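Here is a friendly walk through one protein model, written for someone starting out with structures. Have the 3D view open while you read.

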Amino acid sequence: MEVISLSPRTPGVLACTAAACLAVTATPAVAAPAESAYAIAASGLVTIPRTPSVSGAGKESLASVALPTSGPSLVSAKALNADVKPGYAKSGVTGLSLDLATLPTAATLPGLSADVIKSECQDGKGSVSIANLKVGGKAIKLDQVPPNTTVPLAPLLELVVNKQTKNAGGTLTVTAVSAKLLGRTQTLDIASATCAKSAGTTPEPPTKPSGDKPQPSGKAPKPTPVPAHLDVTG
C-alpha cells in the first residue's frame, strides 16, 4: 500500500491593497457548517494540522500515514478517516502508533498504540469507541467511559478519554482521546467530531395551572405544583 506522508503546514501571508481589502470586508460572511471532523491533530513541540479534516458534508481518508516527515515519525497509522453528514459527524484512526520518545525533550515518555480509536457525534450527543489501547506495552481497559474521564498514565502523560465540550454556538465536540504531555507543552487529539442538536419541533407553552388565578379577595394566588423533569448528564 502506498505510504502518504504529511508535514505541518506553514501559515501563509495575505497581502492586498486598500481597495481590495475593502472589497473583501464588504463580502457577506457565510456561517461555518455546524458539523466537522478530523482524525488527528497536535500542537506544541510538534505541530500537526487537523488531518484529515472535513467541515460540512463530505468524506476524507488516508491510508498508511506517517506524521510528520521531518525526522523520526511521531505518529503512524494504517488509516485515518473523517466523515460528515448533516446532523452527524464521525472520525477514526486504525492501527495507531505514537512514538512519544521522538519528542524533542529529555523526558522519557512511553509509547502508545491502539487498534481502533473512533468518535461519533449525532444530534448533539457524542460517543467513543477504543479497542486494544496500550501504553508502554501495557493494556489499558476502557469500556463505556463517562465523558471527560482523566487517565493519568505517567508523571508527564495524561489522557482525557471521551472528552466532550459544548461550544458557544450550541454544538458539541467529542474527542475520543486528548493527550497532554509534559504538562501542557505538547497536546495531541485523536478522533474528534462536532455536531449540532437538531432543532426539532417547538414545544407548546405549558398550560397555566388553575391555582395561579387571582383570588376574588385580591390575595396572592396559591401556587400549584407542576411536575417537571431535569436531564442529568455526567
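Beyond its neighbours within four places in sequence, threonine 194 is in contact (heavy atoms within 4.5 Å) with Ala34, Glu35, Ser36, Ala89, Cys121, Asn167, Thr171, Leu172 and Thr173. One of these partners, threonine 173, also makes a polar contact with threonine 194, side chain to side chain, at 2.7 Å. A polar contact is a pair of N or O atoms within 3.5 Å; within protein, one must be able to donate a hydrogen and the other to accept it, and residues adjacent in sequence count only if both atoms are side-chain atoms.

Before going further, please note that this is a predicted model, in which local features need pLDDT of at least 70 and side-chain atom pairs count only at pLDDT 80 or more, while totals for chains, interfaces and linings use all residues. Residues are numbered from 1 along each chain as its sequence is written, and side-chain values use heavy atoms, with hydrogens and water left out.

Threonine 194 sits in strand 14. Helices (H or I, at least four residues) and strands (E, at least two) are DSSP runs, numbered from the N terminus. Is threonine 194 buried or exposed? Threonine 194 counts as buried because its relative accessibility is 11%; buried means under 20% relative accessible area, exposed over 50%, and partly exposed in between, with a 1.4 Å probe and protein chains only. Its C-alpha atom is 9.0 Å from that of valine 84, although 110 residues separate the two along the chain.

**A pocket and a cavity**

Threonine 194 also helps to line the second largest pocket, together with Ser36, Tyr38, Arg50, Lys163, Thr165, Thr173, Thr175, Asp189 and Ser192. What are pockets and cavities? On a 1 Å grid over the protein atoms alone, a cavity is a set of points where a 1.4 Å probe fits but cannot get out, and a pocket is an open set with protein on both sides within 12 Å along at least five of seven lines; lining residues have an atom within 4 Å of a point. Grid points are joined across faces, edges and corners, and a volume is the space filled by probe spheres set on the points.

The second largest pocket has a volume of about 180 Å³. Strand 2 (36-43), strand 12 (157-166), strand 13 (171-181) and strand 14 (186-196) each give at least two residues to its lining, and strand 14 gives the largest share, 3 residues. By class, this lining holds 1 nonpolar, 6 polar and 3 charged residues. Here Ala, Val, Leu, Ile, Met, Phe, Trp, Tyr, Cys and Pro count as nonpolar, Asp, Glu, Lys and Arg as charged, and the others, Gly among them, as polar.

The count of cavities of 30 Å³ or more comes to 1, and the largest cavity has a volume of about 30 Å³. Which classes of residue make up its lining? There are 10 nonpolar residues, no polar and no charged ones, including Leu98, Val177 and Ile190. Strand 13 supplies the largest share of this lining, 3 residues.

**The disulfide**

A search of the whole structure finds 1 disulfide, a pair of cysteine sulfur atoms within 2.5 Å. Cysteine 121 and cysteine 195 form this bond, with their sulfur atoms 2.1 Å apart. It links distant parts of the chain, since cysteine 121 is in strand 7 (residues 112-122) and cysteine 195 in strand 14, 74 residues apart. The torsion about the S-S bond is about -65 degrees, so the disulfide is left-handed. Cysteine 121 is buried, with a relative accessible area of 0%, and cysteine 195 is buried with a value of 0%.

**Loops and backbone details**

The table gathers three loop residues that are partly exposed.

| Residue | Loop | Relative accessible area |
|---|---|---|
| Asparagine 132 | between strand 8 (125-131) and strand 9 (133-135) | 38% |
| Asparagine 148 | between strand 10 (138-140) and strand 11 (149-154) | 42% |
| Glycine 44 | between strand 2 and strand 3 | 43% |

Asparagine 132 has a positive phi of about 55 degrees although it is not a glycine. Asparagine 148, too, has a positive phi, near 60 degrees. Glycine 44 touches Thr185 and Gln186, leaving aside its neighbours within four places in sequence.

Finally, look at proline 52 in strand 3 (residues 48-55). The peptide bond leading to proline 52 from threonine 51 is cis, with omega near -25 degrees.
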